[in-house]
Amino acid sequence: ETEVQGQRYHRVEGMVTLQGTPLQDVAIGGGLLGDVSTGADGSFSYSWIPEGTNYSITPWKEGYSFSPSSLTGTLSENISPVFAVSGVRVSGIISQGGRALEGVEISCGNAATLSDAAGHFALDVLPGTSCRLTPNQHGYSFSPVAVDLNTKEPILRDFSFAESDTD
């Protein structure tokens, strides 16, 4: 903290990590503080913030979710928030000959979802999860049948399908 002519000023010096490793190029929405991005060391900072300033700090990077998802408050001292990746997005499209397929179950480890009317699916899995991404719908076989993943980064994977002979 610094004081100039009776006005106290504070700093926000934070960090964003993925499994304990710094995460670069995360956009930090600071509301009234402005927007910054994390550097190669995963850090971000704001300085010369007048005491009593309301803040809202939110990390964002395509395909990632964070814990905490944001921090809000009134600045009365220097703060050092740490945001950790809490989920990595696995997404794609299920289709047949370019046409979307709705209602296909997609699973990866303990996470599961159904494809929507546009064939889109999205799962948030724990970072570092090793799993087999598997589409499943009675009467259809998929290509590929399954994909082994290690989710350190967001993954986009599309599947096409063909009718199977289940008789």
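Start with the whole chain in view: its radius of gyration is 22 Å, whereas a compact globule of 167 residues would have one near 15 Å (taken over C-alpha atoms; the globule rule is 2.2 Å times the number of residues to the power 0.38). Turn the chain along its principal axes, and the C-alpha atoms fill a box of roughly 85 × 30 × 20 Å.

A word on what you are viewing: this is a predicted model, in which local features need pLDDT of at least 70, side-chain atom pairs count only at pLDDT 80 or more, and totals for chains, interfaces and linings use all residues. Residues are numbered from 1 along each chain as its sequence is written, and side-chain values use heavy atoms, with hydrogens and water left out.

Next, switch to cartoon: you will find 19 strands and zero helices (DSSP runs, numbered from the N terminus: E of at least two residues for strands, H or I of at least four for helices). Of the contacts between residues at least 6 apart in sequence, 52% join residues at least 24 apart (contact means heavy atoms within 4.5 Å).

Now select T53, in the loop between β6 (43-50) and β7 (54-60). Is T53 buried or exposed? T53 is buried, because its relative accessible area is 17% (buried is under 20%, exposed over 50%, partly exposed in between, with a 1.4 Å probe and protein chains only).

Keep T53 selected and add L33, G73, T74 and L75: T53 contacts these residues, leaving aside its neighbours within four places in sequence. Finally, show P50, whose backbone oxygen lies 2.7 Å from a polar atom of the T53 side chain.

How values were computed: A polar contact is a pair of N or O atoms within 3.5 Å; within protein, one must be able to donate a hydrogen and the other to accept it, and residues adjacent in sequence count only if both atoms are side-chain atoms.
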